[in-house]
Amino acid sequence: MSAAGGGRGCGSPVPQRAPWSLVAATAAFCLVSATSVWTAGAAPMSREEKQKLGNQVLEMFDHAYGNYMEHAYPADELMPLTCRGRVRGQEPSRGDVDDALGKFSLTLIDSLDTLVVLNKTKEFEEAVRKVLRDVNLDNDVVVSVFETNIRVLGGLLGGHSLAIMLKEKGEYMQWYNDELLQMAKQLGYKLLPAFNTTSGLPYPRINLKFGIRKPEARTGTETDTCTACAGTLILEFAALSRFTGATIFEEYARKALDFLWEKRQRSSNLVGVTINIHTGDWVRKDSGVGAGIDSYYEYLLKAYVLLGDDSFLERFNTHYDAIMRYISQPPLLLDVHIHKPMLNARTWMDALLAFFPGLQVLKGDIRPAIETHEMLYQVIKKHNFLPEAFTTDFRVHWAQHPLRPEFAESTYFLYKATGDPYYLEVGKTLIENLNKYARVPCGFAAMKDVRTGSHEDRMDSFFLAEMFKYLYLLFADKEDIIFDIEDYIFTTEAHLLPLWLSTTNQNISKKNTTSEYTELDDSNFDWTCPNTQILFPNDPLYAQSIREPLKNVVDKSCPRGIIRVREESFRSGAKPPLRARDFMATNPEHLEILKKMGVSLIHLKDGRVQLVQHAVQAASSIDAEDGLRFMQEMIELSSQQQKEQQLPPRAVQIVSHPFFGRVVLTAGPAQFGLDLSKHKETRGFVASSKPYNGCSELTNPEAVMGKIALIQRGQCMFAEKARNIQNAGAIGGIVIDDNEGSSSDTAPLFQMAGDGKDTDDIQIPMLFLFSKEGSIILDAIREYEEVEVLLSDKAKDRDPDLETEELPSSENDSQNQSAEQIVSSSQEVGLVDQESPEESSPNSHPESSSPADTDIAAGVSPSEQNSNPTENHETTSLDGECTDLDNQLQEQSETEEDSNPNVSWGKKGQPIDAILADWNEDIEAFEMMEKDEL
Ligand code: DMJ
């Protein structure tokens, strides 16, 4: 293989019409050739250490998969906090995320080929039998076409690919007769009605039983889909066609890709995030490499690798050129507008883009891959995980982390390309963090908030499909895997498809494939697959030398202005457009500019000011676009300001046996009482107050004295409850929602407001839990009587090997914590009035902040002052030097590590057996909870 790759001369242009086999081999060559060339830099990792880490990955997989099989199967996913299956319709809806669940044992199917990669052949054989016996693909459920394709169709095809490989080897799967493939075909036919549009772009959702059109289908009225949703089909559909000889699947997927290509914005060569499936108009005209677009690019390049079709490479290269020109601002990747690509469309990045360095490795463009990966790693080091979204100055924008695998994926590819042991150390950190912060007795729980360390009752199937594969492969040597991984390509869900498919059943009609491409000069191809054997031996410290200047890019970053306008956009001497952060409602010049941009200012009765844009009233189309951007900035600015006025969420950590700090509940803060971000945390046993609503003097003061009182929400002010329990001697209070079934997974958190009077007399900390989280504590009391909790702004580490029972309480801690508050100023906590919480706007998904086209309105603060939110922090301007805040941020990041003292809830020197015994007890406890129907 390497001879083929070397012979091609990867650094030189790709031959005009390369035979597929060379193409595939060369791409694979890019990934493997450098592993042996490392000679200096980060200390090499011994084979023993690598094996140890590989074994750790196996044990973690067993923990996740074993708990799914034992407590959730045949449900689609495991709910690791309540240790039961997630069955659609039986849990409160989580919106779009639930569209992946089709009552088809999703996690089992998504895990099939992981079992083989991890050398669990026997388990694979059993799993395949279970799929064939139990899985029904004909349920009356509306599912996402995209998710069903990548997870279920991909999972079945990956399983089939490895089943036939094993069968051929002669030991396992001898009974196998393409049954998974038959299921895949059945599913493929079920998805086809989604393509019944004039554009050929698929509807985003389909009913597995009733398809699209029938009234029972409850879908088919959608008009929009995301680019990735329509553009991430070709690998699975082509594999299905080539495995079965039924050409229709590949034809449909090609048609959708052709349409997207035709619709690219012709001057920028970028695509938007969402598109109208009937008209082909771009609905969202922002463009990046993360949410909504990501795997469209991935599939263009991989379709070329798998199918050997040059048109896919040409398209990919055209887009890649545009990405590197407009979106890539190393080490950042920032969304831009497709029509005005010099303008950034956002001030934050989403976690999905972490796959991009891996794709760049496949492309052969190693330098920017190293840079972006390094930046992402620093964000991870700061927060233990990659938050769903983070700002250009590396603050948390959206704090959730559903155990996404993209960063591990890129780490694996970068290690393969560079052979730099640094990436093994990165992988080791990922393993440690997963075990330390996400591991719960019944699996691994997604992070609800990376800042507090609180969990969400969720373990997505991609965690098993992807994370364990990439982590295991990172540490594995060739002989650790029972087949040659280089004979396969990874789908976006890390399912394995054999490269030999490219020569099988090639008679697919390509009549729709456009032949009209942008003229490409050869320099486009220079980036394709450089010969890493030439690159790295000459400079074995290559990767390190690229990382070095970025060493402190996250910690030393200055908070930035809202959106950067590139110099080019006003190079001609024209005035830079008015930025939202500079806008002053008292400045006549600014008002004049607003008018030109078609933006009018409305003074509302309550003193607030509203901005409305009517694009048609703008002086010119350029002014209209400036106005649109201004409005988007203003919307972002005002939501940022709102967030900054809100208190961050808090954590309630159950620290007594058998939880030992491993279960962390997301809690809403109070606007009164002890501020947990400024003071050390409060730890104590819990006791229910009587009366339970806490609305009058307690009748059981002896029970709550010195304890944390549990009070039910409702019937009086939060402050009144706090006073009553404080008078009874409680050291803290937890208000539990009386609205049965409510949960922080499905409802936006809020903060408890005071009673409109002076609340300085309330000295104890008060936190709010939704009913589901509250029940976990109430059930624990029923089961164990003595339940101790920790109320804090951030969960403490829970490494069972450490023994400290005492909590950190140095002055440093409180200083660090207040610095943290500044860092975490963009929170997703809504405001509440005293009695009935005002529903705050739900957490916005990275995909959901959509720039409107016209007639958009933004509310701004009543102040007629400069609206720059950074002024709140006396901080810096766009490119200014770091000021006080930066120093605080730096101090904070330096001391944060010191103040992270690995406090454990385990007993001194607890042997592994004891820990396992504890965990078994935990599982039993959770089973009890399950019976109680949390
Ligand atoms: C996976 O399901 C796939 O990788 C998809 O392309 C996007 N990301 C999720 C996991 O984060």
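Helices and strands are here taken as DSSP runs, a helix having at least four residues and a strand at least two, and they are numbered from the N terminus. With these labels, Pro 74 belongs to the loop that lies between α3 (47–72) and β1 (77–79). The structure under discussion is a predicted model.

Pro 74 is a suitable starting point for the backbone. The peptide bond that leads from Tyr 73 into Pro 74 is cis, its omega being near 10 degrees. A cis bond is also found between His 657 and Pro 658, where omega is about 0 degrees. Pro 658 is likewise a loop residue, placed between β23 (650–654) and β24 (663–667). Cys 83 calls for attention on account of another backbone angle: although this residue is not a glycine, its phi is positive, at about 55 degrees. The loop that holds Cys 83 runs between β1 and β2 (84–86). As a general background, most peptide bonds are trans, and most residues other than glycine have a negative phi.

The next topic is the packing of two helices. Helix α9 (residues 234–244) and helix α11 (residues 294–307) have axes that come within 9 Å and cross at roughly 25 degrees. Because angles under 35 degrees count as roughly parallel, α9 is described as roughly parallel to α11. On the α9 side, the contact is made by Ile 234, Leu 235, Glu 236, Ala 238 and Arg 242. On the α11 side, Tyr 299, Lys 302, Ala 303, Leu 306 and Leu 307 take part. Sorted by class, this contact contains 7 nonpolar and 3 charged residues, with no polar ones.

The ligand may be considered last. Which residues are around the ligand? They are Ile 150, Leu 352, Arg 404, Pro 405, Glu 406, Phe 462, Glu 466, Thr 492 and Glu 493. By class, this shell comprises 4 nonpolar, 1 polar and 4 charged residues. Several of its side chains approach oxygen atoms of the ligand. In the case of Arg 404, a side-chain N or O atom is 2.7 Å from a ligand oxygen. For Thr 492, the distance from a polar side-chain atom to an oxygen atom of the ligand is 2.7 Å. For Glu 466, the separation between a side-chain N or O atom and a ligand oxygen is 3.0 Å. On its own, the ligand has 300 Å² of accessible area, of which the protein covers 93%.

How values were computed:
Residues are numbered from 1 along each chain as its sequence is written. This is a predicted model: local features need pLDDT of at least 70, side-chain atom pairs count only at pLDDT 80 or more; totals for chains, interfaces and linings use all residues. Side-chain values use heavy atoms; hydrogens and water are left out. Axes are lines fitted to C-alpha atoms, for helices over the stretch in contact, and angles run from 0 to 180 degrees between N-to-C directions. Angles under 35 degrees count as roughly parallel, over 145 as roughly antiparallel, 65 to 115 as roughly perpendicular and the rest as oblique. Contact means heavy atoms within 4.5 Å. Ala, Val, Leu, Ile, Met, Phe, Trp, Tyr, Cys and Pro count as nonpolar, Asp, Glu, Lys and Arg as charged, and the others, Gly among them, as polar. A residue is near a molecule or strand if one of its heavy atoms lies within 4 Å of it. A polar contact is a pair of N or O atoms within 3.5 Å; within protein, one must be able to donate a hydrogen and the other to accept it, and residues adjacent in sequence count only if both atoms are side-chain atoms. Accessible areas come from the Shrake-Rupley method with a 1.4 Å probe; for residues, only the protein chains shown count as cover.
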